[in-house]
Amino acid sequence: MSNKEQTNDQPSNFQDLAAVNQRLAVALAEQQRIAQLVIQKDLELYTLNDTLDRQVNQLKVLQLMVNEVRSLNNRDKALRLMARRLVQELQFSAVVVLLGPPPFTVGVKYSYHEIDTDELKRLPVIIKAFEKKIVYVDRLASAGPDEQALGKVLHATSFVALPLQCHQKFYGVFICALDDPYLRLSEHDREFLEIVSNAIAGTIESLDLEERQHYIDSLKTEFISIASHQLRTPLSAIKWILKMILNGDLGPLNAEQATYIDKTYKSNERMIELVNDLLDSSRIEEGRLEYTLAEVDARLLVKEILDQYRVLIDRQGVIVETNVDSGEPAMILADHDNLILALTNLIDNAIKFTPKKQTIKILVDHDRSFVRITVKDTGIGISAEDQQQLFTKFFRADNAKRMQTHGTGLGLFIANNIIRKHKGRIKVESEIGVGTTVTCWLPPAKGS
Amino acid sequence: MFIQSSVGRSQEVDAFSAGQEAARQAMGGLKDKTPADIKLILVFSSVVFDQNKMLSGVRSITENIPLLGCSSAGEITTAGPSKKSVVVMAIATDSVTFNLAMGGNIKEDALAAGRTLAEGLKAVSSDGKLAIMLPDGLAGNGADIVRGLQQVLGENFPIVGGAAGDDFLFKETYEYYNDQVLTGVVIGAMLGGEMKIGIGVRHGWQPIGPPRKVTKSKGAVLYELDGKPAVQVYEEYFGKKAEELKSEPLARLAITYPLGLRIAHSDEYLIRDPITVGESGELTCAAEVPEGAEINLMMGSRENAIDAARQAAERCLEEIKEQGGNQVTTAIVFNCIARSKVLGRDAQKEIDAIKKVLGESAQLVGFYTYGEQAPIGAKNCSCGRSCKSEFCNETVVILGFGE
């Protein structure tokens, strides 16, 4: 082994090592470069995901808001619900809806901080917002003094104030704020909030309309109620006077006079009937019909009505078949007078619309656990179309109108209401020219 | 021998109402239990609420039942994750005992704070088997606090917990101890009596890029990596200048790309979140980074995070079954905020994955933390599992109670 050989090995070892080192260094640098790329891509992905998440959440909340509000008919409740969703489910810290024009009233204020709404209402930027000058501050630090004032009241660093507009009408101002020191409202957020303000304006408008409608309806009902009351007295007076005349209390009448006075008496009776029906229906609408429940036998109710209608039945020449004179009692919990009224209307209809010599069947029996009252006639019938509107106030079928020129169209409306109030059900089956069957089911009195 | 719990959650804007509502729901679920059996109330809350008002609201319902809790960066219940909420869990049991204690100021001396807590826990419980700790999330070296506890309780004493959060603002976090709202301290509970518990810990983060050496560090402050200012590693990867990185707490940008320390005798990484950057580019982390150690940048993904959660839940259930239990009734989840950030809307999926494993009868409560504590250390214990507790980041820690 010479020195020369030894010396020759060393440089080649060093060279190998140096080469390996070199390759390692390159590989590491490459690994570093790739890692950087991966992380940058990952960051991009993360930012995109974050934006996507935000927008999906916004969409979800918008949908929730709109669905929930649909079933509400109170404007304040609706506004509160919408504000809650925005603040709780999204990153906003405060939502205020001011109803205009200025000076505003507060529709809703929902916030984690105390907001002085009196001061808020007076701010010039808010008044300008109502006049369509949108306020959009994404960073408080770079905003003007007017916007700074708004930021202070809202305790927020980023916010918008948008006019609430629907169909050319302005309802107020929608304010939404963010108080996170690191987040701010983006362009996307602004677009979303513009959609929200449209939704809010739309909700306010439709609820306003509904409210106005209800108000008008209640005025109508009140009017009918008052008018009917006022009419009752003079009509009663006429009735008694005519009765006296007919009885001969004011002197004898000749045949001609008697005929005309009789006609007048009957017309008056009809007017009294109409006034009573109007009063009943308005009482029903206002929920003022009084109910005193007691155990009654349904058969006896029907008997009472049939007794009263004896004269009319004979006059009309119709035949009434009934089972109320025999069989088991059919006990129900009912208000005597109101249920009589309901059943009278049904039986009245049957008698009126059935031709001479035809049969009307009135049955009281049990169907499963219910007491069932059936009024079946062989009268003019009701068309399928008209059956849809049968229980609507003032509705009279065309064929009914042709047969009987008078009639209020309130009979079935009242009957339906009363039966429902008794926790019962009413059903009408009919065929034109064949006849009509009206069936009522009423819950039995307990213990029967 | 039973342990049952019930959870409540509220998102009212009024702090008192929120606390009250959540507590009411939680207590309502235990109506059929003897009031004397309700042993512990856990409360986790967003910092959007005035903390004192919120706690008063809770106490208005729970009264004198021992209460432990802290502020969070997001809350968790059986229903899933939520933000801007208060969550309350009421635990009823006839076999497990919970005894509370408080440690000292972490900023002054994190080690001593841990020791004081441990001494307090030892003093109130003669048969302590596991400690739950809730340290302040921003006050100091989390690992030192754990070490302080271990100095008193023993190196392999199981310690589980999470560091308080504050909705990702990194300003100030709070701890709730009975009726007090504190800050900057560590609080805890010693669990004794008879219990079947399981602990699952996983993170799912993977290393990326070449490893670097910690050439200069002191405690939780990392000065230099491979001889260069530590913040440069983030500058290189994020492509941002140091100035930008200093304007927001670094934690907000870097929490999903933390630093990972290889654990001795294991292929697991112990993760350290960087919280702030200093003037000379030094990184203050949630817990210490030892000088001379090798560090990798770590990257997470939604899939890996959900997988990790499932594995943690499986491990937890496994341990309970090993002790003869059939089902998990109560679980406390300490979930790192970084996971919530990575998962985004899929955060619900992570909780669902945990629920699926733990079963229908499990009630969950938890929060998103700025750090977790759990046994993931060296496997040198005779029971065969990793017993040494460590302060971690990016992990999901599930503490389950079984029957």
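**View 1. The salt bridge between domain 1 and domain 2 of chain B.** In this predicted model, one salt bridge (a side-chain nitrogen of Lys or Arg within 4 Å of a carboxyl oxygen of Asp or Glu) is counted between domain 1 of chain B and domain 2 of chain B. Look for B:Glu288 and B:Arg147, whose closest N and O atoms are 2.2 Å apart. The pair ties together distant parts of the chain, 141 residues apart. B:Arg147 sits in helix α4 (residues 142-153) of chain B, and B:Glu288 in the loop between β20 (283-285) and β21 of chain B. Helices (H or I, at least four residues) and strands (E, at least two) are DSSP runs, numbered from the N terminus.

**View 2. Where the two domains of chain B touch.** Domain bounds come from an automatic or database domain assignment, which gives chain B domain 1 (3-202 + 303-402) and domain 2 (206-298). Their centres, taken over C-alpha atoms, are separated by 27 Å. In contact (heavy atoms within 4.5 Å) are 25 residues of domain 1 of chain B and 20 residues of domain 2 of chain B. The two domains bury about 1700 Å² between them, with 58% of it on carbon and sulfur atoms. Buried area here is the accessible area (1.4 Å probe) that two parts lose on being put together, summed over both. Three residues to find are B:Phe168, B:Phe170 and B:Asn393: they supply 29% of the area that domain 1 of chain B buries against domain 2 of chain B, more than any other three residues.

**View 3. Polar contacts and residue classes between the domains of chain B.** Seven residue pairs, both at pLDDT 80 or more, are in polar contact across the interface of domain 1 of chain B and domain 2 of chain B. A polar contact is a pair of N or O atoms within 3.5 Å; within protein, one must be able to donate a hydrogen and the other to accept it, and residues adjacent in sequence count only if both atoms are side-chain atoms. On the side of domain 1 of chain B that touches domain 2 of chain B, α4, α9 and β25 (389-392) of chain B each supply at least two residues. That side has 14 nonpolar (Ala, Val, Leu, Ile, Met, Phe, Trp, Tyr, Cys and Pro), five polar and six charged residues (Asp, Glu, Lys and Arg charged; the others, Gly among them, polar).

**View 4. The contact of chain B with chain A.** Each chain brings residues to this contact: 29 from chain B and 29 from chain A. About 2500 Å² is buried between chain B and chain A, and carbon and sulfur atoms give 55% of that area. B:Val13, B:Lys84 and B:Arg345 supply 26% of the area that chain B buries against chain A, more than any other three residues. Two salt bridges are counted between the chains, including one in which B:Glu12 meets A:Arg84 (4.0 Å, N to O).

**View 5. An aromatic pair in chain A.** The rings of A:Phe104 and A:Phe130 meet edge-to-face, 5.7 Å centre to centre with 75° between the planes. Rings of Phe, Tyr and Trp (its six-membered ring) pair if their centres lie within 6.5 Å; planes under 30 degrees apart count as stacked, over 60 as edge-to-face and the rest as tilted.

**Notes.** Residues are numbered from 1 along each chain as its sequence is written, and chains are lettered from A and ligands numbered from 1 in the order in which they are written. In this predicted model, local features need pLDDT of at least 70, side-chain atom pairs count only at pLDDT 80 or more, and totals for chains, interfaces and linings use all residues, while side-chain values use heavy atoms, with hydrogens and water left out.
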